[in-house]
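Got your viewer open? Let's take a short walk through this one, one selection at a time.

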Amino acid sequence: MKKISMVIVAISAMISLSGCHEDPTYVDSYFQRQSVIEELSNELKGQYSSIFIPVIYNASQEQLDYKSLWKGEVTENSQPIIHYTFGGYENRTVTLQQVPISWISFVIKDTKLAEAVKLLPDYDISIPYSFASSDEETGEASKMGKIIYSDSKVPVTLNYGGKQHLVLFNFKCPSQFVFDADKRPISPGRIQLELESIIVDNVIVQEIDGYSGEEYYGQNRSNLEMNETNVVCYVIFMQKFW
């Protein structure tokens with residue numbers, strides 16, 4: 001009889017505890033609605049052209065003279081122009097077209113790998129994008145949002161050192177762009193694509209230091225920390241260039 005009483009008491013305690021638990025608060029995020037995501041994605045959909053700034057320094061603090069190497073279109077002041085495409089709702093990626101990843105050879109320590117990378121053609125780089133509220137703590141369906149650009153990986157097959165290798169360039173993309181959904185059309189903002197590491201046959205062979213602090217806004221070397229070494233960063237100012 002004691003055992004039965006104890007079981008009844010235990011069940012009663014569980015019911016009492018669960019009754020005290022508060023129901024979770026549901027927050028209706030404007031940017032989680034499928035109709036909104038579809039509308040914004042399709043609004044961004046299309047082909048664009050913008051200013052392209054490579055920021056590439058090696059361990060000796062030498063900067064790559066990219067303007068002399070660039071073979072594509074340029075602005076009136078000789079600034080490279082890059083083309084890119086935004087996919088719509090069915091393909092939420094932005095594809096940077098013909099990115100000169102061969103320039104990465106400028107910072108690679110392994111000389112054989114560097115020579116092989118130097119011969120690479122230009123590659124398209126696809127970066128997934130998504131939307132989120134930029135005011136998530138209000139508990140309201142705010143129309144202040146942000147475009148979030150995700151990391152990207154570029155795999156290539158290279159022959160060097162007498163063997164074939166799978167090389168993976170691992171890019172991080174810290175860019176986020178805040179916008180007001182009530183003000184149309186929205187702008188895609190700016191992408192900052194930084195090389196984080198180089199992986200060969202599933203082994204990290206070199207980590208790229210990059211740079212800390214604020215995102216790069218221009219071509220002034222003083223914006224970079226002087227204790228940094230290898231830097232590979234592609235900056236695309238993503239307003240339409242006419």
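Start by selecting Glu-207: it counts as exposed because its relative accessible area is 55%, over the 50% cut-off. Keep in mind as you look around that this is a predicted model. Glu-207 belongs to strand E10, which covers residues 203-207.

Now add Asp-151, Glu-196 and Asp-209 to your selection. Together with Glu-207, these residues make up a negative patch on the surface.

Next stop: Ile-198. Buried or exposed? Ile-198 is buried, as its relative accessible area is 0%. You'll find Ile-198 in strand E9, running through residues 190-200.

What does Ile-198 touch, once neighbours within four places in sequence are set aside? Select Ile-104, Ile-108 and Leu-113, then Val-167, Leu-168 and Phe-169: Ile-198 is in contact with each of these. Carry on with Val-203, Ile-204, Val-205, Gln-206 and Ile-208, which complete the list of contacts.

While you're here, try a distance between Ile-198 and Lys-153. They sit 45 residues apart in sequence, and their C-alpha atoms are 9.9 Å apart in space.

Finally, zoom out and colour by secondary structure: the protein chain has four helices and 11 strands. It holds 242 residues, 43% of them buried. Switch on the surface and you're looking at about 14,000 Å² of accessible area, with 51% belonging to carbon and sulfur atoms. As for contacts in the chain with a separation of 6 or more, 67% come from residues 24 or more positions apart.

Key: Residues numbered from 1 in each chain as written. Predicted model: local features only at pLDDT ≥ 70, side-chain atom pairs only at ≥ 80, totals over all residues. Heavy atoms only, no water. Helix = DSSP H or I, 4+ residues; strand = E, 2+ residues; numbered from the N terminus. Buried < 20%, exposed > 50% of the residue type's maximum accessible area, 1.4 Å probe, protein only. Contact = heavy atoms within 4.5 Å. Patch = residues over 30% accessible without salt bridge, like charges linked within 9 Å, V, L, I, M, F, W, Y side chains within 5 Å. Areas by Shrake-Rupley, 256 points an atom, 1.4 Å probe, with all protein chains shown as cover. Salt bridge = Lys/Arg side-chain N within 4 Å of Asp/Glu carboxyl O. Lys, Arg positive; Asp, Glu negative; His and termini not counted. Charge placed at Lys NZ, Arg CZ, Asp CG, Glu CD.
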